[in-house]
Amino acid sequence: MIESAATGVTSEVGPLRTVLLHRPGAELRRLTPRNNDQLLFDGVPWVDRAQQEHDAFAQALSDRGVEVLHLAGLLAEILSNDTARAELIDAAVDDPRLGATLQRDAARHLASLSPDDLASALIAGLAHEELRGHGLAYQLMDRSDFVVPPLPNLLFTRDSSVWIGGEVAVTSLAMPARHRESTITAAIYTHHPRFAGAEQLYAAELEHLEGGDVLLLAPGVVAVGVGERTTPGGAERLARRLFARGLAHTVLVVPIAQERATMHLDTIATMVDVDAMVMYPAVADSLVAWTVRAPSGIADDADTADLAVSGPQPFLTAAAAAMGIDRLRVIDTGLDPVTAEREQWDDGNNTLALAPRLTVAYERNTVTNAALEAAGIEVVRIAGSELGSGRGGPRCMSCPVSRAPL
């Protein structure tokens, strides 16, 4: 079992020490042309290749001194804890589709499993044909229907939690297919000794807020995208809690288009240096931000305290002012509109910084990667032809748990 170690993140680019990943597994094998849309994938991935790509991603991080934690392993370890088992089994069967009889049958089945097998079932789901149930709901189900749906998007560990300072925000995921991800993440942070004493500053039952919309631009400066997934209410509550706990002095709230291509702020912009980001050219001149600051004397539990809000301003102007720098550099990709749209869709702007001027990116975004290197950013290229079928890049697939301070 992994023992406790330092946690905490204050920027996007501080040298990465520890990261939480999830290696895709049997849950991806549940995807079919019939259900992939509902489960938020744009296609049916070749799972073996997706695993190879993810293994290479994890190895690239390890090779550069990053400690890699695997979510499934942490989950299996906490499932020896009776309280954690009960919480996660209850959450898995808490579905009005099932009715009381099938809920009871499914709960009994899950409770009979070993920790490793239960972890697999919670992630990969439980199909009708894998359960000996009875009652009306069970009888009327198709044999290929899910009693417990799989969680293929667990691959994108960035979304269900985000570390800000020494505390972790367990987020509130907007899409029904992803709700149980936060339950699993919260249980790991609550019950695993690696995270003993870690404060959780947000929770799944609050307003929608997703980690892909949260960028730590600099110590004390947090940008939050609001659009398809994160609501203004979620950004507002996060801001109050950050201010109350002294984790930020400024929150920039950034509206983004409410569509799948730009589902999160990190699909259009990510930090690659202390004063530079790669950004989708189509939004560089139009993106705006509202600047939110703390009122004086805000209490830790003051979720209704008034906030000081100003704006909107151009995002780059507001960000530079909040960060205390002359300007926030944007990597000029020089892309023609068609290439820019293609590479944004393929997560060209969704990079994971390992340190200032060192970032991980999908190899297929050749023009964006060349522009990064021309700007002095070293690019660690990884394959992602199958991993990207869920619309997520290296940043989406990683939750930094610890970064060295800048």
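This report walks through the fold, the salt bridges, strand 5 with its surroundings, and helix 8 of a predicted model.

## Ground rules

Residue numbers start from 1 along each chain, following the written sequence. Since we're looking at a prediction, local features need pLDDT of at least 70 and side-chain atom pairs count only at pLDDT 80 or more, while totals for chains, interfaces and linings use all residues, and side-chain values rest on heavy atoms, with hydrogens and water left out.

## The chain as a whole

The protein chain has 13 helices and 19 strands. Those are DSSP runs, numbered from the N terminus: H or I with at least four residues for a helix, E with at least two for a strand. Out of 406 residues, 58% count as buried. Buried here is under 20% relative accessible area, exposed is over 50%, and partly exposed is in between, using a 1.4 Å probe and protein chains only.

Now for contacts, meaning heavy atoms within 4.5 Å. Among contacts with a separation of 6 or more, 74% are between residues 24 or more positions apart. The accessible surface adds up to about 15,700 Å², and carbon and sulfur atoms hold 50% of that. Areas come from the Shrake-Rupley method with a 1.4 Å probe, and for residues only the protein chains shown count as cover.

## A salt bridge inside helix 9

How many salt bridges does a search of the whole structure find? The count is 18, where a salt bridge needs a side-chain nitrogen of Lys or Arg within 4 Å of a carboxyl oxygen of Asp or Glu. As background, side chains of opposite charge can pair when their charged atoms come close.

One of these bridges joins E236 and R240, at 3.6 Å from N to O. Both residues sit in helix 9 (residues 232–244), four residues apart, which is about one turn of the helix. E236 is partly exposed at 38% relative accessibility, whereas R240 is buried at 10%.

## A network across distant parts

R357 and D273 also form a salt bridge, this one at 3.1 Å, N to O. The pair links distant parts of the chain: R357 is in the loop between strand 16 (352–355) and strand 17 (358–362), D273 is in strand 11 (residues 269–273), and their positions lie 84 residues apart in the numbering. R357 is partly exposed, with 43% relative accessibility, but D273 is buried at 4%.

D275 and R329 pair up as well, at 3.1 Å from N to O. D275 is in the loop between strand 11 and strand 12 (276–279) and R329 is in strand 15 (residues 329–331), so this bridge ties together parts that are 54 residues apart in sequence. D275 is partly exposed at 23% relative accessible area, and R329 is partly exposed with a value of 23%. Through shared salt-bridge partners, D273, D275, R329 and R357 become one network.

## Around S161

S161 belongs to strand 5 (residues 161–164). Is S161 buried or exposed? With 0% relative accessibility, S161 is buried. Its side chain makes a polar contact with the side chain of Y189, at 2.9 Å. A polar contact is a pair of N or O atoms within 3.5 Å; within protein, one must be able to donate a hydrogen and the other to accept it, and residues adjacent in sequence count only if both atoms are side-chain atoms.

Leaving out residues up to four places away in sequence, S161 touches V168, A169, V170, T171, T185, Y189 and C399. That last partner, C399, is buried at 1% relative accessible area, and C396 is buried too, at 2%. As for disulfides, which need a pair of cysteine sulfur atoms within 2.5 Å, the count comes to zero.

## Helix 8 and T183

Helix 8 has 13 residues and reaches 19 Å from first C-alpha to last, close to the 18 Å expected at 1.5 Å a residue; the expected span is 1.5 Å times one less than the number of residues. This helix is mostly covered, with ten of its 13 residues buried. Among them are R180, E181, T185, Y189 and H191.

T183 is in helix 8 (residues 179–191), and is partly exposed at 28% relative accessibility. Setting aside neighbours within four places in sequence, T183 is in contact with L88 and A91. The C-alpha atoms of T183 and E87 are separated by 8.6 Å, with the two residues 96 apart along the chain.
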